[in-house]
Amino acid sequence: MIQLKEIKTKKEIKQFVLFPFSLYKGNKYWVPPIVKDEINIFDSTVNPVFEHADARLFVAIRNKKIVGRIAIIINNYEVQQQGIKKLRFGWFEVIDDIEVTRVLLDKAKAIGKENNLSFVEGPVGFNNLDKTGVLTEGFDHIGTMITWYSLPYYKDHFEQLGFVKEKEYLENKFEFKNEQAEKYERAGNLIQKRYNLKEVNFTSTAAIMPYVDEMFELFSKTYSKLSSYVPISDEQIAFFKKKYISFINPEYIKFVFDSEGKMVAFSIIMPSFAKALQKAKGRLFPFGIFHLLKAKKNAESVIFYLIGVHPDYQNKGVTALVFRENIRMFIEKGVKHCIRTPELEENTAINQLWKIFNPVTHKRRRTYRLNL
């Protein structure tokens, strides 16, 4: 018999967070989160997303053991302001038993109907800064700190229960070769002169902070036309700064400004923390922090986390200037492998942007939908 239990106390939230540690024990491709950070996601006194969203957490229990979990989310801005009557679900993990999946998703459907919503979509988080999708290809590739890993039967469970593909995401990688440097050096110089642009590089995290709000304004302008976009509040931006910026080597953040000092492009690249997080086993202390600091300073693999160009400068080659700065840094740091975060298959502009690097699609993931 499967019992569904709603999670409410801090102790229960920790159990919710720890379930994947047992589910994926011994799996060399799963990348564990930092437990404390994961708990804070669901703490309304810490995470400002709860000013605009509601979430209910559930676990499925059988024989006194957790066998599945789900976060059921309503983003009120999305529902009330954008008029998208969507129930979100995420942080979905389950053993290979479709009846457990059925119980968890039936609860999501019931909550959606109670709130007069039109459809369910997941796995997704609260907004575009959260993880998204289940893997459909690439199960034998190590994950990243900004994606969920999942097992092949997740996809099968969703489809057997009547869910259909909603969005398809591609994850690509490419090898960095020094011979790419000369081309982008020439192109970057040309674009910089043509539009009178100025690049800004950093050596300290403190120097970046005054620009982060403007970067997110540009992020919104760049991504607002995508079907997955949900606005991000100032409070959520502040939370993001605290959670992520300190993890990023400041030399991996690049901004471009026009002649009037207005930001027109940015890129954020993160060292790959995957293996460091596996060694940390969910804890920063006593030793996890040292693994992360080592990865931050000495990464042969990097992740292109965010890249954005102002609509007025799109299709004008401004990314050549961004790539010029990144390539200079790659050579200096000895970067060999580049990984792109999940990107919507429908985003043809971003796919064209990377074409020159001959990327290989090594993973696919998707979200699933069920009409209510």
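Here's a quick tour of the enclosed spaces inside this protein. The model is predicted, so keep that in mind as you look around. Searching the whole structure turns up 5 cavities of 30 Å³ or more. The two covered here are the largest, at about 600 Å³, and the second largest, at about 450 Å³.

**The largest cavity**

- This cavity holds about 600 Å³ of space, and 31 residues line it.
- Closest to its centre you'll find Asn 128, Asp 130, Thr 132, Tyr 169 and Pro 342.
- Four strands and a helix each chip in at least two lining residues: strands E4 (86-94), E7 (164-175), E11 (301-309) and E13 (343-344), plus helix H7 (205-223).
- Strand E11 is the top contributor, giving 4 residues to the lining.
- Sorted by class, the lining comes out at 16 nonpolar, 8 polar and 7 charged residues.

**The second largest cavity**

- Here the volume is about 450 Å³, with 26 residues making up the lining.
- Ile 41, Leu 129, Asp 130, Lys 243 and Tyr 244 sit closest to the centre of this one.
- The elements giving two or more residues to this lining are helix H2 (35-41) and helix H8 (234-244).
- Helix H8 gives the most, with 5 residues.
- The class breakdown for this lining is 17 nonpolar, 4 polar and 5 charged residues.

**A residue to look at in both**

- Asp 130 is among the residues closest to the centre of the largest cavity, and Asp 130 also turns up among those closest to the centre of the second largest.

Technical notes: Residues are numbered from 1 along each chain as its sequence is written. This is a predicted model: local features need pLDDT of at least 70, side-chain atom pairs count only at pLDDT 80 or more; totals for chains, interfaces and linings use all residues. Side-chain values use heavy atoms; hydrogens and water are left out. On a 1 Å grid over the protein atoms alone, a cavity is a set of points where a 1.4 Å probe fits but cannot get out, and a pocket is an open set with protein on both sides within 12 Å along at least five of seven lines; lining residues have an atom within 4 Å of a point. Grid points are joined across faces, edges and corners, and a volume is the space filled by probe spheres set on the points. Ala, Val, Leu, Ile, Met, Phe, Trp, Tyr, Cys and Pro count as nonpolar, Asp, Glu, Lys and Arg as charged, and the others, Gly among them, as polar.
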